Amino acid sequence: MKDSIKKGKVTMAIAVSISCFVLMFVMLMQFKIVNQTDITAIENMRETELRTELANWKAKYEEANTKYNETKSKIEEYKKTKQSNEETEELVNAELEQVNMNLGKTDIQGEGICINLKENANDENKKKTRADDLLMIVNSLKVAGAEAISINNERIINMSDIVDINLNDDEWFIKVNGQRILAPYEIKAIGNQTYLESALLGNGGYVDELKKQERNVSIEKVNNIKITKYNDEIKSKYIE
């Protein structure tokens, strides 16, 4: 009887042990399945998020790249416009400088000649310099290609006047650009020295004629002549 009870207890203990083992095994399997399910879901979720994030970054990159290209194009356009404006400005400035030089509105220097006419108080009137003498020399220099001319530092331009102001039959003075000038008279001309000198001293040249009249006139070649600009306002009398 006791042996039967003892065997029954052992059998019961074994059955309980087996049941506990099976229960624990089932719980472990379920836990493993749950864990695998969660990890897979998380991995799937992360993959989806990464794809979404990657797509967003790709869109942002394409947008940024588009803006970069647009900005780059604008910068290139600005550079071309700036360069074009600078070239235009340089061209306009060069043309303006040339116009001002032609109008006598700029100081210039270069090679040329100086003509000096001197006279004494005791000279007869016929040996004294008149406005026509200066005018003839100036016109000869212009024909010979003079690029700039001055008389006693008065710049000669197309509208310059060279006139006698008569005080009486035996007295006068000369005005250039409305300014009174006195002897000795110095005429400066910038240009080819050979051409300018030949125009005055060659056969029929006006300085040659003055020398034949025993007038005190000389010509000097100068490698660096400075002629100042025309300071007065250039006005037109008849052009509207």
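The exercises below go through a predicted model of one protein, each with a worked solution.

Residues are numbered from 1 along each chain as its sequence is written. Because the model is predicted, local features need pLDDT of at least 70 and side-chain atom pairs count only at pLDDT 80 or more, while totals for chains, interfaces and linings use all residues; side-chain values use heavy atoms, with hydrogens and water left out.

**Exercise 1. The overall layout**

Task: State how many helices and strands the protein has, and give their order.

Solution.
- Step 1. Helices (H or I, at least four residues) and strands (E, at least two) are DSSP runs, numbered from the N terminus.
- Step 2. Counting these runs gives four helices and eight strands.
- Step 3. Along the sequence their order is α-β-α-β-β-β-β-β-β-α-α-β.
- Step 4. For contacts (heavy atoms within 4.5 Å), take those with a separation of 6 or more: residues 24 or more positions apart account for 73% of them.

**Exercise 2. Inside and surface**

Task: Find what percentage of the residues is buried, and which residues make a nonpolar surface patch.

Solution.
- Step 1. Buried means under 20% relative accessible area, exposed means over 50%, and partly exposed lies in between (1.4 Å probe, protein chains only).
- Step 2. By this rule 23% of the 240 residues are buried.
- Step 3. Accessible areas come from the Shrake-Rupley method with a 1.4 Å probe, and for residues only the protein chains shown count as cover. The protein exposes about 18100 Å², of which carbon and sulfur atoms supply 53%.
- Step 4. Patches are made of residues with over 30% relative accessible area and no salt bridge; like charges are joined within 9 Å, and nonpolar side chains (Val, Leu, Ile, Met, Phe, Trp, Tyr) within 5 Å. Val-99, Leu-103, Met-159 and Ile-234 make a nonpolar patch of about 310 Å².
- Step 5. Val-99 belongs to helix H1 (residues 2-103). Its relative accessible area is 40%, so Val-99 counts as partly exposed.

**Exercise 3. Helix H2**

Task: Compare the span of helix H2 with the expected one, and list its buried residues.

Solution.
- Step 1. The expected span of a helix is 1.5 Å times one less than its number of residues.
- Step 2. H2 (residues 131-143) has 13 residues, and the distance from its first C-alpha to its last is 18 Å, close to the 18 Å expected.
- Step 3. The buried residues in H2 are Ala-131, Asp-133, Leu-134, Ile-137, Val-138, Ser-140 and Leu-141.
- Step 4. An α-helix has 3.6 residues a turn, so residues three or four places apart point the same way.
- Step 5. After H2 comes Gly-145, with a positive phi near 95 degrees.

**Exercise 4. Backbone exceptions**

Task: Locate the cis peptide bond, and place Asn-177 and Glu-214, whose phi values are positive.

Solution.
- Step 1. Most residues other than glycine have a negative phi, and most peptide bonds are trans.
- Step 2. The cis bond joins Ala-183 and Pro-184, with omega about 0 degrees. Pro-184 sits in the loop between strand S6 (179-181) and strand S7 (185-190).
- Step 3. Asn-177 has a phi near 55 degrees and lies in the loop between strand S5 (171-176) and S6. With a relative accessible area of 8%, Asn-177 is buried.
- Step 4. Glu-214 has a phi near 60 degrees and lies in the loop between helix H4 (206-212) and strand S8 (216-227). Glu-214 is exposed, because its relative accessibility is 61%.

**Exercise 5. Salt bridges**

Task: Give the number of salt bridges, then describe the pairs of Arg-130, Asp-133 and Glu-197.

Solution.
- Step 1. Side chains of opposite charge can pair when their charged atoms come close.
- Step 2. A salt bridge is a side-chain nitrogen of Lys or Arg within 4 Å of a carboxyl oxygen of Asp or Glu. The count is four.
- Step 3. Arg-130 pairs with Asp-164, their closest N and O atoms being 3.1 Å apart. The two are 34 residues apart: Arg-130 is in the loop between strand S1 (108-118) and H2, and Asp-164 is in strand S4 (residues 162-168).
- Step 4. Asp-133 pairs with Arg-215 at 2.9 Å between the closest N and O atoms. This pair joins H2 to the loop between H4 and S8, 82 residues apart. Asp-133 is buried at 8% relative accessibility, and Arg-215 is buried at 10%.
- Step 5. Glu-197 pairs with Lys-221, the closest N and O atoms being 3.5 Å apart. Glu-197 is in helix H3 (residues 193-201) and Lys-221 in S8, 24 residues apart. Glu-197 is partly exposed at 22%, and Lys-221 is partly exposed at 43%.
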